[in-house]
Amino acid sequence: MVDYTREVLIKKGREWFESRGWTAFQFQLDCWNAYLDGKSGLLNAPTGSGKTYALWIPTLLETFISDPYEKGLKVIWITPLRALAKDIQSAMQQAANEMGIPWTVGLRTGDTFTSARQAQKNKPPDAIVITPESIHILLSQSDYPYYFKNVKAIIADEWHELIGTKRGVASELALARIKKIAKQKVKIWGISATIGNLKQAKRVLLGEEWRKEAIAVKADIEKEISIQSILPDEVENFPWSGHLGTKLLPKILPIVEKSETTLLFTNTRSQTELWYQAFLNFAPELAGVMAMHHGSMDPNIRNWVEDALHAGKLKLVVCTSSLDLGVDFRPVDTVIQVGGPKGVSRFQQRAGRSGHRPGAPSQIFFVPTHSLELVEGAALRQAVAEGKFESRKPLEKCIDVLVQYLVTLAVGGGFRAIEILEEVRSTYCFRQLTGNEWRWVLDFITTGGKSLGAYDEYAKVYEEDGVYKIINKRTATRHRLSIGTIVGDPSLKVRFLTGGYLGTIEEYFISKLNPGDAFWFAGRNLEFVMIKDLTVIVKKSNKKKGLTPAWGGGRLPLSSMLSEVIKQKLEQAANGDYSDIELATIKPILMLQARWSKIPDSKTLLIEKTTTRFGNHIFIYPFEGMFVHEVLAGLVAYRISQMLPISFSISMNDYGFELLSDQDIPIVEALELDLFSEDNLFQDINQSVNKTEMSKRKFRDVATIAGLIFQGYPGKQVRSKHLQASSGIIYKVFEDYDHENLLIQQSVEEVMNQQLEQSRLFEAVRRINSQKIVLMETNQPTPFAFPILVDSLRRENLTSEQLSDRVAKMQLQLERNAGGLE
């Protein structure tokens, strides 16, 4: 009989590594030892360094000192992405098989077939790879305490992607519940890429017990990342967003041809569709070895793409964040990022998709969508080299998630309020939940609260002898169908007339089509036939042109970290340092900007005033990102309008914003009156943005998560306008009759903190007040102003050809002016 000492167990782990030609890194050994010591913690390691085996191997080694044939679920592996889940499950099952451990590793996501779910319920796997939503669905089953009682460990993979989201909050609540009902102490571990607040991330993961026997393990591995910008042969003095990227295809194609497999990342699903079409048109020989991957495509198609990637059958995959995370596609040796990723962490994460194995270098190419975006390429390379990464701010007091969670427990056999309150307060999100807030939530789920008490459908939960439960089967069914915190516009399935599903498209886009209209989706040119049973019926189209679907939630905010490095790069150019190849490439643009106006540095806020045939323009360049600029522009417009009656139209990009009026804008007088004063800042912001209307839109999401709005049964979804109308009516009722309603308060806070980025906005105003304000009156729009001016034209509903023609004429006139001013 073998005496399995710690040394023997670690040796078995090393031997399995050696059988695969690997050597365990020190961080992996540290995790093995800490886990076998019974500790919880957070692992921080670069992408492709072997993070999975750092925590999966010790769970397997533990079976040698316990009963490997013990029935029931023992390990829960939480993953935020369905694409990631399949790959992780396969790797975990292979390791168990090769180490001779008789474990079954299951997989449970929204794509899992009903038959597989039922089989897992009847005979739980030993370990399960699962999404946060699927854990909550299991918690809604009456036998969930029995299902989870043997759990020994929970590992939250890619924790940095969950923290700061409502899915992360749902995970916190699930961890607290499972820790309580398991018959032994549960070890909690997280796996995270580098973020700026790792210590706080560990606290959020482990709850209010985070100081007890919890450690942090950091891999001492420098992942080699090669970052190279794809440079245009010529740069236009007046660049504009979106026109350059596909023009660089002649430079991109050779990179794809030289690589074994390339992932080309875009920032939105619409861009993915456009780039796939562009490649087909430019290099039709790629047909058959090129694919597309995004979250709206049918699961079967996505699975085929992932399998083909694993098998090395694809030369190129055009994708979105659906392939961002730790999927081990070993044939991938090159990544291409189209357009600014808006964050350093996101860029490094995508770079890690290439060379995704220990010791292998990662290679990423940056493709600018306009010439000025090359500044972002230089900034990304510097930020990665200096190890600068964004923090992920955790959410607090998400009442909508708490309401959904308590109803889930009520469906799953019921709960006692005192017991659950203790668990809820043990999470980071709800650690400061007050007694009054808790009583409000209980009253809300049992009676509908102060204003909905007369309607039976909102009194979902029944309380008897201190136990809160749901006894109405219809209510329970509707709730299980609504579990989750990802809320989007209602989507319709897309199906060929002859059969076969392609994916889902948002109702808003389809509502604009007429029968016979062509549109591109999932890489195919389709003709809209009709809508039948809330399904979009299509057939193949032979038309050469078609619309490209647009999905909500496409805009990404520029991170404050990346914004700061961009400003450093501009200051470098202002000081005459063009040593970065990207800055050297756009030197003509920057030199023209300096001649006509100024290149702002970190100590300067540049304001430009000019007049064109469109009217009177003010351009302001804080370089704080589009979201902050949207609010700043409204604030400046409001404060100027207090001086005299004047109306504005507003445009913005990540670098600055524009105020346009048919009247002369008194910017000098406004600056003399302290335009950016911090006095009454909060009140002026409230006046300058339609916070009530924004809160109403946000409330729809909050109300959906809280279960106030039912989005429909499978195949019978409620139409978008009806959902919006329902949420609007409920919002009005709460606003008029229930001023203390916590869901209304949460909607307002989410608008201020997430949509308007209130804290960052205040920091931006403080930063502006520490800078020297330079006002330049120019004869025409400068190179920095031009892309903002073009963005204002996009609101005129021009076709892409009309926009291009209009912009070309504007560029020609400005180039003539530039020549005249040489």
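Leaving aside neighbours within four places in sequence, with which residues is phenylalanine 148 in contact? In this predicted model, the contacts of phenylalanine 148 are Leu73, Ile76, Leu138, Leu139, Ile178, Ile181 and Ala182. Both Phe148 and Ile76 are listed among the residues with the most contacts inside the largest nonpolar core, together with Leu406, Trp438 and Leu708. This core comprises 80 residues. Helix H16, spanning residues 399-411, contributes ten residues, the largest share of the core. Another core lies apart from it and has 57 residues, including Val332, Tyr621, Phe786 and Met810.

The model also contains an open sheet of seven strands with parallel pairing. The order of the strands across the sheet is E3-E4-E2-E5-E6-E1-E7. The edges are occupied by strand E3 (105-108) and strand E7 (214-218); each has a single partner strand, so one side of each is left without a neighbour in the sheet. On average, and with direction ignored, neighbouring strands of this sheet are turned by 15 degrees against each other.

Within the sheet, strand E2 (residues 75-78) and strand E5 (residues 153-156) run parallel and are joined by four bridges. Isoleucine 78 has alanine 156 of E5 standing opposite. Ile76, noted above as a contact of phenylalanine 148, falls in the range of strand E2, residues 75-78.

Helix H10, formed by residues 198-206, lies across four strands of the sheet: E1 (40-44), E5, E6 (187-192) and E7. Relative to E1, helix H10 runs at about 140 degrees.

Methods
Residues numbered from 1 in each chain as written. Predicted model: local features only at pLDDT ≥ 70, side-chain atom pairs only at ≥ 80, totals over all residues. Heavy atoms only, no water. Pairing = 2+ DSSP bridges. Helix = DSSP H or I, 4+ residues; strand = E, 2+ residues; numbered from the N terminus. Axes fitted to C-alpha atoms, helices over the stretch in contact; angles between N-to-C directions. Contact = heavy atoms within 4.5 Å. Core = buried A, V, L, I, M, F, W, Y, C linked by side-chain atoms within 4.5 Å. Buried < 20%, exposed > 50% of the residue type's maximum accessible area, 1.4 Å probe, protein only.
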